[in-house]
Amino acid sequence: MKPSPDRLLISNYPHRLDVPARFTDLDPLNHLNNVAIGNFYEEGRAAFNHMAFKRLAERRRPRMVMAHASISFLREGRYPGLLTVATGVLKVGASSFTLGHAL
């Protein structure tokens, strides 16, 4: 399922992290491997959580569990290059929150 058009605009994401594509991230067709794409999003999520919960982490280690991950692949990823992982909060619940990413 394709994301809504507003999710495709990097300006809608307040947090960004540049991650280099590595040669080891390539599949046999010289595209960025699906697992590598997941790792790029993981770096973005970790950097966002570190920034958002830094003060809490200084007092005590926050315990968070990722309950669900879903990736919609819209184009092929290429090497070499510098990728920008953009992150924003989509929803806040009573005991959870949902992040959205773009790459």
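The fold, the sheet, two buried strand residues, the largest pocket and two backbone features are described in turn for a predicted model.

The protein chain contains two helices and three strands. Along the sequence these elements follow the pattern β-α-α-β-β. The C-alpha trace spans about 45 × 30 × 25 Å along its principal axes. Of the 103 residues in the protein chain, 24% count as buried. Contacts between residues at least 6 apart in sequence were also examined by separation, and 66% of them join residues at least 24 apart.

The three strands form an open sheet in the order β1-β2-β3, with antiparallel pairing. β1 (15–20) and β3 are the edge strands, each pairing on one side only. From one strand to the next, the twist averages 30°. Six bridges connect β1 to β2, and the two strands run antiparallel. Within this pairing, Arg 16 stands opposite Ala 86 of β2. β2 and β3 are likewise joined in the antiparallel sense, over six bridges. On the β3 side, Leu 99 is the bridge partner of Val 89, and His 101 is the bridge partner of Thr 87. The connection from β2 to β3 is a hairpin of four residues. Helix α1 lies across β1, β2 and β3, and runs at about 140° to β1.

Two strand residues illustrate the contacts between the sheet and its surroundings. His 15 is located in strand β1. His 15 counts as buried because its relative accessibility is 14%, which falls under the 20% cut-off. Beyond its neighbours within four places in sequence, His 15 is in contact with Gly 44, Ala 47, Phe 48, Met 51, Val 85, Ala 86 and Thr 87. Thr 87 belongs to strand β2. With a relative accessible area of 0%, Thr 87 is therefore also classed as buried. When residues up to four places away in sequence are not counted, Thr 87 touches Tyr 13, Pro 14, His 15, Gly 44, Phe 48, Leu 99, Gly 100 and His 101. The contact list of Thr 87 thus includes His 101, its bridge partner in β3. Gly 44 and Phe 48 appear among the contacts of His 15 and also among those of Thr 87. Arg 63 is 24 residues from Thr 87 in sequence, and the C-alpha to C-alpha distance between the two is 20 Å.

The largest pocket has a volume of about 1,800 Å³. Its lining consists of 47 residues, of which Arg 7, Tyr 41, Ser 70, Ile 71 and His 101 are the closest to the pocket centre. By residue class, the lining divides into 24 nonpolar, 15 polar and eight charged residues. At least two lining residues are supplied by each of α1 (34–52), β2 (82–92) and β3 (97–102). The largest share, nine residues, comes from α1. The pocket and the sheet meet at His 101, which is among the residues closest to the pocket centre and is paired with Thr 87 through a bridge.

Two backbone features in loops were also noted. Most residues other than glycine have a negative phi, and most peptide bonds are trans. Asn 30 has a positive phi, near 65°, and is not a glycine. Asn 30 is found in the loop between β1 and α1. At 48% relative accessibility, Asn 30 counts as partly exposed, because this value lies between the 20% and 50% cut-offs. The second feature is the peptide bond from Tyr 79 to Pro 80, which is cis with omega near -5°. Pro 80 is found in the loop between α2 (54–59) and β2.

Note on methods
Residues are numbered from 1 along each chain as its sequence is written. This is a predicted model: local features need pLDDT of at least 70, side-chain atom pairs count only at pLDDT 80 or more; totals for chains, interfaces and linings use all residues. Side-chain values use heavy atoms; hydrogens and water are left out. On a 1 Å grid over the protein atoms alone, a cavity is a set of points where a 1.4 Å probe fits but cannot get out, and a pocket is an open set with protein on both sides within 12 Å along at least five of seven lines; lining residues have an atom within 4 Å of a point. Grid points are joined across faces, edges and corners, and a volume is the space filled by probe spheres set on the points. Ala, Val, Leu, Ile, Met, Phe, Trp, Tyr, Cys and Pro count as nonpolar, Asp, Glu, Lys and Arg as charged, and the others, Gly among them, as polar. Two strands pair if DSSP finds at least two bridges between them. Axes are lines fitted to C-alpha atoms, for helices over the stretch in contact, and angles run from 0 to 180 degrees between N-to-C directions. Contact means heavy atoms within 4.5 Å. Buried means under 20% relative accessible area, exposed over 50%, partly exposed in between (1.4 Å probe, protein chains only).
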